[in-house]
Amino acid sequence: MGRVAQATTIKYAKAVLPFCRYVSENDLFHGLESLEGAVGMFLPQVRDQDLRMLSGGLRHYFPFIGKTRISADLKGLEKTNERRPRVPASERLSRAFTHYLWGELSFAEATGAQVMFDAKLRTCEALKVKACDVIFASSTVKSTTIRLGKAKNGREQAAVLDNGCLGEKMLRILVRCSRNRNAPLFQFGNYARVHKYCCKFKVRYGLAIEFTPHSLRAGSATNDKLEGWSMADIQFRGRWESMATARGYVDVVYAILPETLHEEAKVPEFADSEFV
């Protein structure tokens, strides 16, 4: 092993050691499922600047965890297992999360969370959005559009925001105040940082339901279905390649379960006037 590799391994070990101590003290090492849960519970304690090294250390010392959906939490990448369902976040939860981020971080991150819900953005897409990518509704453009770059087939992709929705209102303010139109607009940093604040949000309100950055995208699709949108329209607006993939994000039954509604009632409701 070279000197650089040896030094990196030592840094990984130092980053992972607090996690191992946390798992041991809380007796969470009973299998893969409990270890996955331990990662989400531990993340709120990690400083933002330590997230990348922790991700590398967990990949190095716990490679078997990366075989599951939790790999998105560890690697800071938007990688999820297609066979596992996405747990949707309601409009009430999304707005509470937006308000929470505004208090904990800044208006930029809060806007990013709300736009992820309203425009059905993937986290990897939200990380790259710049002010110059936003085309606001006008006499020639029907709806506010966010350019997302080219897809695998070479065609330009874009997300659409309904006129007058909260995400569009907040985005107008953020873009107007943006000094560098070519810098990341929402200032998320990386996936792991967004997920960390999802975990902190759950702790803040004592939520016993799954809530990840991807829950915003799934929640928006589910909310559209509850409002009567067709699956074809939902698939188009969410930019899913197939109808089968789009259906994996829509869970109307989960959204109306008494247990789900009980958990959602733990967070306060916020109106548009409390943001803009």
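This briefing covers the fold, helix packing and selected residues of one protein chain. The model is predicted, with an average pLDDT of 85 over the chain. The chain has 276 residues, 48% of them buried, and contains 14 helices and three strands. Of the contacts with a separation of 6 or more, 65% join residues 24 or more positions apart.

**Confidence**

- A pLDDT of at least 70 is reached by 89% of the residues.
- Among the elements of the chain, helix H6 (residues 107-118) has the highest mean pLDDT, 97, and helix H4 (residues 71-75) has the lowest, 45.
- Over residues 66-84 the pLDDT stays under 50. The model has 46 contacts beyond four places in sequence for this stretch.

**Surface**

- The accessible surface of the chain is about 14200 Å². Carbon and sulfur atoms contribute 53% of that area.

**Packing of H6 with H10**

- The axes of H6 and helix H10 (residues 214-226) come within 7 Å and cross at roughly 45°.
- An angle of 35 degrees or more but under 65 falls in the oblique class, and H6 and H10 are therefore oblique to each other.
- On the H6 side the contact is made by Ala113, Met116, Phe117 and Asp118. On the H10 side, Leu216, Gly219, Ser220 and Asn223 meet them.
- By class, this contact of H6 with H10 has four nonpolar, three polar and one charged residues.

**Packing of H5 with H9**

- Helix H5 (residues 91-104) and H9 have axes that come within 11 Å and cross at roughly 105°.
- Angles of 65 to 115 degrees count as roughly perpendicular, so H5 and H9 are roughly perpendicular to each other.
- H5 contributes Leu93, Ala96, Phe97, Tyr100, Leu101 and Glu104 to the contact. These meet Tyr197, Cys198, Lys200, Phe201 and Arg204 in H9.
- The contact of H5 with H9 has eight nonpolar, no polar and three charged residues.

**Helix H11**

- The buried residues of helix H11 (residues 231-238) are Met231, Ile234, Gln235, Arg237 and Gly238.
- H10 and helix H12 (243-247) are included in what covers these buried residues of H11.
- Arg239, just after H11, takes a positive phi of about 60°.

**Lys120, in the loop after H6**

- Lys120 lies in the loop between H6 and helix H7 (123-126).
- Its relative accessible area is 1%, so Lys120 is buried.
- Lys120 is not a glycine, yet has a positive phi of about 55°.
- Beyond its neighbours within four places in sequence, Lys120 is in contact with residues including Ser220, Arg217, Ala221 and Asp224. Among its other contacts are Arg237, Gly238, Arg239 and Trp240, as well as Val115 and Glu125.
- Ser220 also takes part in the contact of H10 with H6, while Arg237 and Gly238 are among the buried residues of H11.
- From Lys120 to His214 the C-alpha to C-alpha distance is 9.2 Å, with their positions 94 residues apart in sequence.

**Leu166, in H8**

- Leu166 belongs to helix H8 (residues 166-177).
- With a relative accessible area of 2%, Leu166 is buried.
- Residues up to four places away in sequence aside, Leu166 touches Arg95, Gln114, Asp118, Asp272, Phe275 and Val276. Asp118 is also one of the H6 residues that meet H10.
- Leu166 and Phe275 are 109 residues apart along the chain, and their C-alpha atoms are separated by 8.1 Å.

**Lys196, in H9**

- Lys196 is part of helix H9 (residues 191-205).
- The relative accessible area of Lys196 is 5%, and the residue is buried.
- Apart from neighbours within four places in sequence, Lys196 is in contact with Leu43, Pro44, Val46, Arg47, Asp48 and Leu51.

**Gln187, in the loop before H9**

- Gln187 sits in the loop between H8 and H9.
- Its phi is near 55°, a positive value in a residue other than glycine.
- Gln187 is partly exposed, with a relative accessible area of 48%.

Note on methods:
Residues numbered from 1 in each chain as written. Predicted model: local features only at pLDDT ≥ 70, side-chain atom pairs only at ≥ 80, totals over all residues. Heavy atoms only, no water. pLDDT = per-residue confidence, 0-100. Helix = DSSP H or I, 4+ residues; strand = E, 2+ residues; numbered from the N terminus. Contact = heavy atoms within 4.5 Å. Axes fitted to C-alpha atoms, helices over the stretch in contact; angles between N-to-C directions. Parallel < 35°, antiparallel > 145°, perpendicular 65-115°, else oblique. Nonpolar A, V, L, I, M, F, W, Y, C, P; charged D, E, K, R; others polar. Buried < 20%, exposed > 50% of the residue type's maximum accessible area, 1.4 Å probe, protein only. Areas by Shrake-Rupley, 256 points an atom, 1.4 Å probe, with all protein chains shown as cover.
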